[in-house]
Amino acid sequence: MYKPEKIRNAAIVAHIDHGKTTLLDSLLAQTKVFRENEEVPTRAFDSFELERERGITIFAKHTSLYFEDYKINLIDTPGHSDFSGEVERVLGMVNSVILLVDAQEGPMPQTRYVLSQALKMGLRPLVVLNKIDRPHAKPEEALNKTFDLFVELGATDEQLDFTYCYASGLSGFATRKIDDPRVDMRPLFELIIEAVPAPSGSLDAPFLMQASTISYNDFLGRQATGRILQGSIKKGDPFVSINKDGHPAHHKVTKIDGYKGLTKIEMIEASVGDIVSISGAPEIMIGDTLTHPNHIEQLPPITLSEPTLSIDFMVNNGPFVGREGKHVTMNKLRDRLQKERRANISLKIEDVPGKEDSIQVSGRGELHLAVLIETMRREGFEFAISKPRVIFKENEGQKLEPFEMAHIEVKEEFSGGIIEELSKRKGDLVLLETNEHGITTLQFRIPTRGLMGFRNEFLTRTKGEGILTSMFESYLPFKGEIPARPNGAMISSATGKCTGYSLFNLQDRGVLFVGPTDDVYEGMIVGEHSRDNDLVVNVTKEKQLTNVRSSGNDENIVLTPARRFSLEQAIDFIEADELIEITPKSIRIRKRELKEVDRKRKRV
Ligand SMILES: Nc1nc2c(ncn2[C@@H]2O[C@H](COP(=O)(O)OP(=O)(O)OP(=O)(O)O)[C@@H](O)[C@H]2O)c(=O)[nH]1
Ligand SMILES: [Mg+2]
């Protein structure tokens with residue numbers, strides 16, 4: 001058991017891709033080098049399949065590292081703004097945060113968000129100017145901008161006096177001064193020990209902990225993860241959980257889990273400063289207090305960030321249902337979503353009154369919802385989803401809607417078009433800056449509705465070279481109607497296999513989503529029309545055989561490759577009268593009503 005003064009708890013926070021997980025790899029590898037000499041896989045903490053595939057962290061995860069005679073508990077957090085709720089909760093478990101700033105990019109929108117959260121909680125962040133190996137890194141400039149950000153966010157004098165170091169998580173070194181020799185991560189370990197306060201609770205006081213995150217296990221029920229604030233607890237000990245209404249319930253500890261490096265280890269006993277998962281209270285919720293039966297004390301509840309977006313999950317009632325999916329019925333879908341509701345408290349999953357055939361799932365953003373959809377696909381589910389809707393609120397009779405801050409970096413030549421487009425979508429330009437490399441940075445405050453459908457447009461306009469990130473800011477008064485997708489859909493009039501011949505004849509009418517030999521059905525959307533109305537097309541037509549074959553006709557056709565949507569791109573594309581069929585193998589778009597065509601759409 002470690003004495004509190006030998007324990008350090010910190011969370012690694014930053015904007016997306018600033019290198020949190022990679023830095024943790026290096027810390028992990030080097031504590032092991034100090035001990036065992038073992039290989040650590042790249043971004044080892046992104047252990048979920050979807051995290052590895054997408055190269056982003058989705059769930060916060062914690063581990064314990066051992067450096068000299070210290071135990072350092074570190075929490076890796078997701079940088080994508082859809083998962084900022086994870087970061088918020090995790091901050092309750094730590095005594096400080098390690099704020100990573102990409103030395104080339106400088107502070108970004110999510111840097112501001114995580115820093116403001118940490119400052120609000122009274123934590124004293126330490127700053128790591130990361131990726132200093134990058135050729136265009138400007139660590140001093142990034143440091144100054146970070147300092148300015150502290151000032152802007154109202155940091156106290158103590159917080160402003162932050163300690164910092166330079167690092168490259170990828171190359172595995174940290175230095176206190178920019179010109180110090182680049183050897184290993186030791187300077188960062190030392191900085192953590194120096195700058196992160198030891199946990200303050202007493203070992204002799206009664207056990208006390210708050211559930212900061214929840215995990216779910218089919219056998220054990222919910223497990224509460226948090227930092228032990230005072231005292232200690234052993235397997236088999238009685239404890240009391242107190243829910244948000246102040247209601248106490250008695251339990252016994254059935255299991256205590258901690259982490260060592262990447263592996264979960266069962267612990268017999270844990271004490272103040274340890275971050276552990278405790279099983280035994282299967283109905284526990286986030287924010288509930290866990291305490292000694294003789295010492296009933298309720299910690300202030302944790303408020304979860306409210307969802308801003310909903311999607312309806314429905315059975316796939318299209319003609320291809322069941323071709324690729326194993327689980328296709330409403331019952332299966334309902335059971336699966338019920339299970340998700342038990343395990344995943346950040347999503348809101350509810351029946352829609354009067355709508356037997358759909359279940360509404362609400363979350364913080366498209367990616368937040370896409371993670372569930374993608375997970376279910378992999379489990380063999382086949383279903384349909386609606387276009388996301390924002391969740392409106394009302395305040396004193398005024399309709400409010402969610403707004404985001406969008407941060408955009410593009411070549412200067414594209415900025416005019418983007419300003420025009422986002423203004424149409426009711427965005428207000430709050431920042432416009434062009435640097436010496438001709439890259440323009442734009443910031444817009446824009447209704448979440450206005451960003452829907454913009455991501456695909458942005459990709460096309462910038463030829464895939466721009467950066468677009470956005471994060472929820474607040475609820476503000478409703479901005480009125482926003483124009484829908486300007487282009488109509490190309491809808492298949494027949495069921496069958498696409499032919500190169502017919503696709504070739506149709507490709508100048510719009511952008512096709514299907515290629516030769518793809519299966520299509522009547523009513524399926526096979527392309528985006530270049531005009532504003534829907535167009536019914538036959539993509540299955542065979543070339544009429546004639547007796548006299550003109551030379552090499554068929555072989556000469558040149559087809560533009562079909563546009564294939566990723567899940568998020570499809571979600572971004574569709575309008576309210578359309579839906580997406582999700583199967584383990586395919587993403588198909590179609591009209592909600594299979595025969596509905598030729599209607600101009602307006603988004604409300
Ligand atoms: N040049 C350089 N690249 C780095 C460094 N650290 C990370 N990267 C690269 O930056 C990208 C993002 O790294 P991650 O460690 O996944 O970033 P993250 O902050 O964990 O990202 P999220 O969890 O999605 O917010 C990867 O391609 C890394 O290889 C570094 O020190 N130098
Ligand atoms: Mg990460």
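**Helix H12, a magnesium site and a pocket in a predicted model**

In helix H12, which spans residues 454-461, the buried residues are Phe454, Asn456 and Phe458. The model described here is a predicted one. Several elements take part in covering these buried residues of H12, including strand S25 (398-411) and strand S28 (467-477), together with helix H10 (412-424), helix H11 (448-451) and helix H14 (567-573). After H12 comes Lys463, which has a positive phi, near 55 degrees.

It helps to set this helix against the chain as a whole. The chain holds 14 helices and 36 strands, and its C-alpha atoms fill a box of roughly 95 × 60 × 55 Å along the principal axes. A compact globule of 604 residues would have a radius of gyration near 25 Å, and the value for the chain, 27 Å, agrees with this. Of the 604 residues, 53% count as buried. Among contacts between residues at least 6 apart in sequence, 71% join residues at least 24 apart.

Arg590, in strand S36 (residues 587-591), gives a local view of such packing. With a relative accessible area of 1%, Arg590 falls under the 20% cut-off and therefore counts as buried. Met524 is 66 residues away from Arg590 in sequence, yet their C-alpha atoms are 4.4 Å apart in space. Leaving aside residues up to four places away in sequence, Arg590 touches Asn316, Asn317 and Gly318, then Tyr521, Gly523, Met524 and Ile525, and also Glu578, Leu579 and Glu581.

Turning to the metal, the magnesium ion (ligand 2) has Thr21 and Thr57 as its protein donors, each through OG1, at 1.9 to 2.0 Å. This pair links distant parts of the chain: Thr21 belongs to helix H1 (residues 20-35), whereas Thr57, 36 residues apart from Thr21, sits in the loop between helix H2 (49-54) and strand S2 (61-67). Both Thr21 and Thr57 are buried.

H2 and S2 also appear in the account of the second largest pocket, where each supplies at least two residues of the lining. The same holds for helix H3 (84-90), strand S9 (213-217), strand S10 (221-230), helix H8 (330-343) and helix H9 (366-378). The space in the second largest pocket comes to about 1,500 Å³. Its lining consists of 48 residues, of which Phe48, Phe59, Ile214, Ser215 and Tyr216 are the closest to the centre. By residue class, the lining of this pocket comprises 20 nonpolar, 15 polar and 13 charged residues.

Note on methods: Residues are numbered from 1 along each chain as its sequence is written. Chains are lettered from A and ligands numbered from 1 in the order in which they are written. This is a predicted model: local features need pLDDT of at least 70, side-chain atom pairs count only at pLDDT 80 or more; totals for chains, interfaces and linings use all residues. Side-chain values use heavy atoms; hydrogens and water are left out. Donors are N, O and S atoms within 2.8 Å of the metal (3.2 Å for Na, K and Ca); water is not among the atoms, so sites may look incomplete. Helices (H or I, at least four residues) and strands (E, at least two) are DSSP runs, numbered from the N terminus. Buried means under 20% relative accessible area, exposed over 50%, partly exposed in between (1.4 Å probe, protein chains only). On a 1 Å grid over the protein atoms alone, a cavity is a set of points where a 1.4 Å probe fits but cannot get out, and a pocket is an open set with protein on both sides within 12 Å along at least five of seven lines; lining residues have an atom within 4 Å of a point. Grid points are joined across faces, edges and corners, and a volume is the space filled by probe spheres set on the points. Ala, Val, Leu, Ile, Met, Phe, Trp, Tyr, Cys and Pro count as nonpolar, Asp, Glu, Lys and Arg as charged, and the others, Gly among them, as polar. The radius of gyration is taken over C-alpha atoms; the globule rule is 2.2 Å times the number of residues to the power 0.38. Contact means heavy atoms within 4.5 Å.
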